[in-house]
Amino acid sequence: CIRDRFLISRQGKIRMMKWYTNSFTTKEKQKYVKEINSIVLTRSPKLCNFLEWNDFKIVYKRYASLYFICIVDKEDNELIVLETIHHFVEVLDKYFGNVCELDIIFNFHKAYYILSLIH
């Protein structure tokens, strides 16, 4: 079960954020985003795209200048989550025609709508 999704730029700016659970306070969410951000951005590209974190797993994939990140339960299949990330990117590519970070910034409402349709 995907608990959260983030799109983060290489510079660490949050471009999209979707929480599917209400189990965290706003302060906890800010703390977790900062922690996840630093973990993912500092990982070597040679390492695998998933790792255990607290009671969850972080699954991520970098496309161009954006990191697509999902937080999932420990028992979830990482490859299926990577496939859902890839599917989201493909849909964004079809909609925007080779999606880029600026498309997400200036059309974030459309990106959130697309995410709601495929979730």
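**Close-up views of helix packing, aromatic pairs and two loops**

Phe96 is buried, with a relative accessible area of 17%. We begin with this residue, and the views below belong to a predicted model.

**View 1. Phe96 and its surroundings in helix H2.** Phe96 sits in helix H2, and its relative accessible area of 17% makes this residue buried. Leaving aside residues up to four places away in sequence, Phe96 touches Asp103, Asn107 and Lys110. Look also for Ala111: its C-alpha atom is separated from that of Phe96 by 9.6 Å, with the two positions 15 residues apart along the chain counted as their spacing.

**View 2. Helices H2 and H4 packed against each other.** Here you can follow helix H2, residues 78-96, and helix H4, residues 108-118, whose axes are 11 Å apart. The packing angle is about 130°, and H2 and H4 are therefore oblique to each other. Their crossing is right-handed. On the H2 side, the contact is made by His87, Phe88, Val91, Leu92, Tyr95 and Phe96. H4 contributes Lys110, Ala111, Ile114, Leu115 and Ile118. Sorted by class, the contact of H2 with H4 has nine nonpolar residues, one polar and one charged.

**View 3. Two edge-to-face aromatic pairs, Tyr63 with Phe68 and Tyr95 with Phe96.** The structure holds ten aromatic pairs, and two of them are picked out here. The ring centres of Tyr63 and Phe68 are 5.6 Å apart and the planes stand at 90°, so this pair is edge-to-face. Within the pair, Tyr63 is partly exposed, with a relative accessible area of 21%, whereas Phe68 is buried at 4%. Tyr95 and Phe96 also form an edge-to-face pair, with 5.0 Å from centre to centre and 90° between the planes. Tyr95 counts as partly exposed at 47% relative accessibility, while Phe96 is buried at 17%.

**View 4. A cluster of aromatic rings.** Turn next to Phe6, Trp19, Phe24, Tyr32, Trp53 and Phe56, which ring pairs link into a cluster.

**View 5. Asn54 and Ala64, with positive phi values.** Most residues other than glycine have a negative phi. Asn54 has a positive phi, near 50°. You will find Asn54 in the loop between strand S3 (50-53) and strand S4 (56-63), where this residue is partly exposed, with a relative accessible area of 44%. Ala64 is not a glycine either, and has a positive phi of about 55°. The loop holding Ala64 runs between S4 and strand S5 (66-73). Ala64 is exposed, with a relative accessible area of 67%.

**View 6. Leu41 in helix H1 and the residues it touches.** Leu41 belongs to helix H1, which spans residues 26-42. With a relative accessible area of 26%, Leu41 is partly exposed. Not counting residues up to four places away in sequence, Leu41 touches Ser9, Arg10, Gln11, Gly12 and Tyr67. For orientation towards another part of the chain, the C-alpha atoms of Leu41 and His87 are separated by 22 Å, and the two residues are 46 residues apart along the chain. His87 is one of the H2 residues that make the contact with H4.

How values were computed
Residues numbered from 1 in each chain as written. Predicted model: local features only at pLDDT ≥ 70, side-chain atom pairs only at ≥ 80, totals over all residues. Heavy atoms only, no water. Axes fitted to C-alpha atoms, helices over the stretch in contact; angles between N-to-C directions. Helix = DSSP H or I, 4+ residues; strand = E, 2+ residues; numbered from the N terminus. Parallel < 35°, antiparallel > 145°, perpendicular 65-115°, else oblique. Left-handed = near helix turned anticlockwise from the far one by under 90°. Contact = heavy atoms within 4.5 Å. Nonpolar A, V, L, I, M, F, W, Y, C, P; charged D, E, K, R; others polar. Phe/Tyr/Trp six-rings, centres within 6.5 Å; stacked < 30°, edge-to-face > 60°. Buried < 20%, exposed > 50% of the residue type's maximum accessible area, 1.4 Å probe, protein only.
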